[in-house]
Amino acid sequence: REAMSGNKVLELKNISKSFGTRKIIDKLNLSLDQGDILSIIGPSGAGKTTLIRLIAGLESADSGKFLHNGKEFDPTDRNNHLVGMVFQDYNLFPNLSVMDNITLAPIMVNKMSKAEAEKAAAPVLDQLDLDKFKTLYPYQLSGGQKQRVAIARALQMKPEILCYDEPTSALDPELVGKVKDIFLKLKQTGMTQVIITHDHQFGKAVADKILKVEPIEK
């Protein structure tokens, strides 16, 4: 999963997005190398969530281009697993165990057998210290444990870029350091990560690059 030499893992060129008459993002340019951690910080209403949803393909840009290793791609293409997303409320299935939450997408989307998916999940469970929780259900987990399950689930689709929506917002202060450790551990594997956060101290502590966004004046 090494980036081709001289190319950026992710480039945004002149990306714009409006909702109705309200312009949220205006001709934004951004580039990330493999293993970069980008923190997007700024006040509510400045477009942080919209930007991360554009990168993750959950919204469509009005104009501009997305490039991966110098080649244009469409983040909204559902066959494209380049970008993974960890949601603020984790979006775990309450009726599924930790293991079933993590293996559902590889089984449904990648047509892996249950045994293959569980084998593939084992190193990720180990990496995120989740092995002892694999038979539990989301209601039995703490916020920090749910977040690690959500990260493990995203990693199972083998993305090159992982996006996080407010990863520390629901966590006790003593857990924030553990989240930082997870991000830095993933960085060492070459994972490129994009974080939106209200916690400027955390954002600056983990980031190689910081993007400050402000609401666009009408």
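## Helix packing and enclosed space: worked exercises

In this predicted model, α2 and α4 pack with their axes 8 Å apart and at an angle of about 25 degrees. Residues are numbered from 1 along each chain as its sequence is written. Local features need pLDDT of at least 70 and side-chain atom pairs count only at pLDDT 80 or more, while totals for chains, interfaces and linings use all residues, and side-chain values use heavy atoms, with hydrogens and water left out.

**Exercise 1.** Classify the packing of α2 against α4, and state which residues make the contact.

*Solution.* Start from the angle of about 25 degrees between α2 and α4, where axes are lines fitted to C-alpha atoms, for helices over the stretch in contact, and angles run from 0 to 180 degrees between N-to-C directions. Angles under 35 degrees count as roughly parallel, over 145 as roughly antiparallel, 65 to 115 as roughly perpendicular and the rest as oblique. That makes α2 roughly parallel to α4. Next, α2 passes α4 in a right-handed crossing. Finally, with contact taken as heavy atoms within 4.5 Å, V98, N101 and I102 of α2 meet V149, A152 and R153 of α4. These contact residues divide into 4 nonpolar, 1 polar and 1 charged, where Ala, Val, Leu, Ile, Met, Phe, Trp, Tyr, Cys and Pro count as nonpolar, Asp, Glu, Lys and Arg as charged, and the others, Gly among them, as polar.

**Exercise 2.** Determine how α2 is oriented to α3, and describe the contact by class.

*Solution.* The axes of helix α2 (residues 98–108) and helix α3 (residues 114–127) come within 9 Å and cross at roughly 120 degrees. That makes α2 oblique to α3. The crossing of this pair, α2 and α3, is right-handed. From α2 the contact takes V98, M99, D100, I102, T103, P106 and I107, and from α3 it takes K114, A117, E118, A121 and L125. By class, the contact of α2 with α3 has 8 nonpolar, 1 polar and 3 charged residues.

**Exercise 3.** Work out how α4 is oriented to α5, and then find which residues line the second largest cavity.

*Solution.* Because the axes of α4 and α5 cross at roughly 15 degrees and come within 11 Å, the two helices are roughly parallel to each other. G144, Q147, R148, I151 and L155 in α4 meet L175, V179, I182, F183 and L186 in α5. Turning to the cavity, a cavity is, on a 1 Å grid over the protein atoms alone, a set of points where a 1.4 Å probe fits but cannot get out, and lining residues have an atom within 4 Å of a point. A search of the whole structure finds 2 cavities of 30 Å³ or more, and about 40 Å³ of space lies in the second largest. The lining of this second largest cavity consists of G144, Q147, R148, L175, K178, V179 and I182. Two or more of these lining residues come from each of α4 (143–155) and α5 (173–188), and the largest share, 4 residues, comes from α5. By class, the lining of the second largest cavity has 3 nonpolar, 2 polar and 2 charged residues.

Terms used: A crossing is left-handed if the near helix is turned anticlockwise from the far one by less than a right angle, and right-handed if clockwise. On a 1 Å grid over the protein atoms alone, a cavity is a set of points where a 1.4 Å probe fits but cannot get out, and a pocket is an open set with protein on both sides within 12 Å along at least five of seven lines; lining residues have an atom within 4 Å of a point. Grid points are joined across faces, edges and corners, and a volume is the space filled by probe spheres set on the points.
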